[in-house]
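Here is a short report on one protein chain. Look at the fold first, then read on.

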Amino acid sequence: MNGMKKWQRVKKHLGILPSIIVMSVLFWSGILKSFQQIFNYKLLEKVINKGEFLNSLVYTAKLSLCSIILVGVISLLGIYVLYLLSTEVDLAKLNGIKMFILSPMYIPYLLGGYMISTLIGQSGMISTLCYRLGCIHKMDEFPILVNESHGYSIILTYGWKASPFVILMVYSTMIKINNEWLDVAKVYGVNRYHFFKEVVFPIIFPIYLSSLFVVFAHIFASFEVPYLLGVTYPRTLPVLAYEKYARNSIVHRGEVMVINSIIILLTVGVALIIYKLNRSLGERVELELEK
């Protein structure tokens with residue numbers, strides 16, 4: 001019996017074994033080389049004391065936090081809409097609506113960033129519509145929302161693109177909640193909003209929170225959207241590392257490795273938080289669903 005339990009425990013982790021082997025063979029030497037540089041105190045001090053690194057770190061953290069707040073709001077609205085519709089429409093219609101809500105997830109981030117830039121840029125669709133409606137007299141009167149220092153278009157791209165992932169993760173848990181609970185709650189005069197707030201949301205909250213942490217780690221380490229929609233200064237840490245690497249000078253390679261190592265360490269720190277959350281809160285969700 002104990003052997004079976006041990007095998008079930010090991011079996012859970014075998015699924016990630018192929019990716020670990022590929023990562024170890026292809027990238028391990030590079031990662032080890034990078035981490036060697038971070039123990040070079042003089043080089044680490046040189047990187048950290050540079051204003052551009054600290055500005056990039058603050059800028060990356062700000063963009064990631066603002067993006068994750070937007071993702072949290074949009075995904076919660078999407079979850080609530082799916083919850084309301086799950087008791088109102090038949091399964092075929094619900095699946096169609098769900099596919100529509102999740103559709104941004106299937107668009108590549110680079111293409112998503114380009115679509116946002118054509119939508120809210122100064123010569124984009126919204127500014128053209130405002131010009132034709134007479135809301136602005138010149139196209140350049142429309143506010144600059146792309147390639148500016150606040151990163152509005154970057155935040156909007158992540159909010160639009162990453163929210164479906166959170167919805168998908170939470171929805172798989174939400175559909176396991178027994179609908180008979182709602183019927184019982186209605187007998188006591190509880191409406192659907194209060195049922196969602198008092199019963200559904202506490203159950204899905206651990207999955208919701210873990211998904212947001214996953215998205216945060218992804219945004220913090222991502223490169224393509226800030227590179228496409230950002231400005232030359234300030235830059236996110238991945239963009240700063242790439243630009244130093246692209247200078248094609250061996251002098252900056254050590255700094256690039258240090259910056260990449262810091263990104264990896266911060267991302268691993270978030271991953272550990274996710275792991276702890278899943279262990280401590282995931283069991284509670286399973287117990288609630290088994291009741």
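How much space lies in the largest cavity? About 40 Å³ lies there. Keep in mind that this is a predicted model.

**The whole chain**

Start with the overall build. The protein chain has 13 helices and zero strands. From the N terminus on, each element is α. The C-alpha atoms fill a box of roughly 70 × 70 × 30 Å along the principal axes. The chain has 291 residues, and 36% of them count as buried. The accessible surface comes to about 17600 Å². Carbon and sulfur atoms hold 68% of that surface.

Now consider contacts along the sequence. Take the contacts with a separation of 6 or more. Residues 24 or more positions apart account for 74% of them.

**Empty space inside**

Rolling a probe the size of a water molecule over the atoms shows where empty space is left. A search of the whole structure finds two cavities of 30 Å³ or more. The table sets them beside the second largest pocket.

| Space | Volume | Lining by class |
|---|---|---|
| Largest cavity | about 40 Å³ | six nonpolar, four polar, no charged residues |
| Second largest cavity | about 30 Å³ | five nonpolar, two polar, one charged residues |
| Second largest pocket | about 430 Å³ | 10 nonpolar, two polar, no charged residues |

Which residues line the largest cavity? They are T60, L63, S64, I154, Y158, I219, F220, S222, P226 and T236. Helix 4, helix 8 and helix 10 each supply at least two residues of this lining. Helix 4 gives the most, with three residues.

The second largest cavity is lined by Y59, P226, G230, V231, P234, R235, T236 and V239. P226 and T236 are also in the lining of the largest cavity.

**The second largest pocket**

This pocket is lined by M23, I31, V214, A217, H218, A221, I263, I264, T267, V268, A271 and I274. Three helices each supply at least two of the lining residues: helix 2 (17-38), helix 10 (192-221) and helix 13 (253-290). Helix 13 gives the most, with six residues. No residue of the lining is charged.

**Two helices that cross**

At what angle do the axes of helix 4 and helix 12 cross? The angle is roughly 145°. Helix 4 covers residues 51-86, and helix 12 covers residues 237-246. Their axes come within 8 Å. On helix 4, the contact is made by E52, F53, S56, L57 and T60. On helix 12, it is made by L237, L240 and K244. By class, the contact has four nonpolar, two polar and two charged residues. One of the helix 4 residues in this contact, T60, also lines the largest cavity.

**A closer look at V146**

Now pick out a single residue. V146 sits in the loop between helix 7 (125-132) and helix 8 (152-174). Is V146 buried or exposed? V146 counts as buried because its relative accessibility is 15%, and the cut-off for buried is under 20%.

Which residues does V146 touch, leaving out those up to four places away in sequence? The partners are S117, I120, G121, S153 and L229. Take G121 as an example. V146 and G121 are 25 residues apart in sequence. In space, they are 5.7 Å apart, C-alpha to C-alpha. Another partner is S153, and helix 8 spans 152-174.

Definitions and conventions:
Residues are numbered from 1 along each chain as its sequence is written. This is a predicted model: local features need pLDDT of at least 70, side-chain atom pairs count only at pLDDT 80 or more; totals for chains, interfaces and linings use all residues. Side-chain values use heavy atoms; hydrogens and water are left out. Buried means under 20% relative accessible area, exposed over 50%, partly exposed in between (1.4 Å probe, protein chains only). Contact means heavy atoms within 4.5 Å. Axes are lines fitted to C-alpha atoms, for helices over the stretch in contact, and angles run from 0 to 180 degrees between N-to-C directions. Ala, Val, Leu, Ile, Met, Phe, Trp, Tyr, Cys and Pro count as nonpolar, Asp, Glu, Lys and Arg as charged, and the others, Gly among them, as polar. On a 1 Å grid over the protein atoms alone, a cavity is a set of points where a 1.4 Å probe fits but cannot get out, and a pocket is an open set with protein on both sides within 12 Å along at least five of seven lines; lining residues have an atom within 4 Å of a point. Grid points are joined across faces, edges and corners, and a volume is the space filled by probe spheres set on the points. Accessible areas come from the Shrake-Rupley method with a 1.4 Å probe; for residues, only the protein chains shown count as cover.
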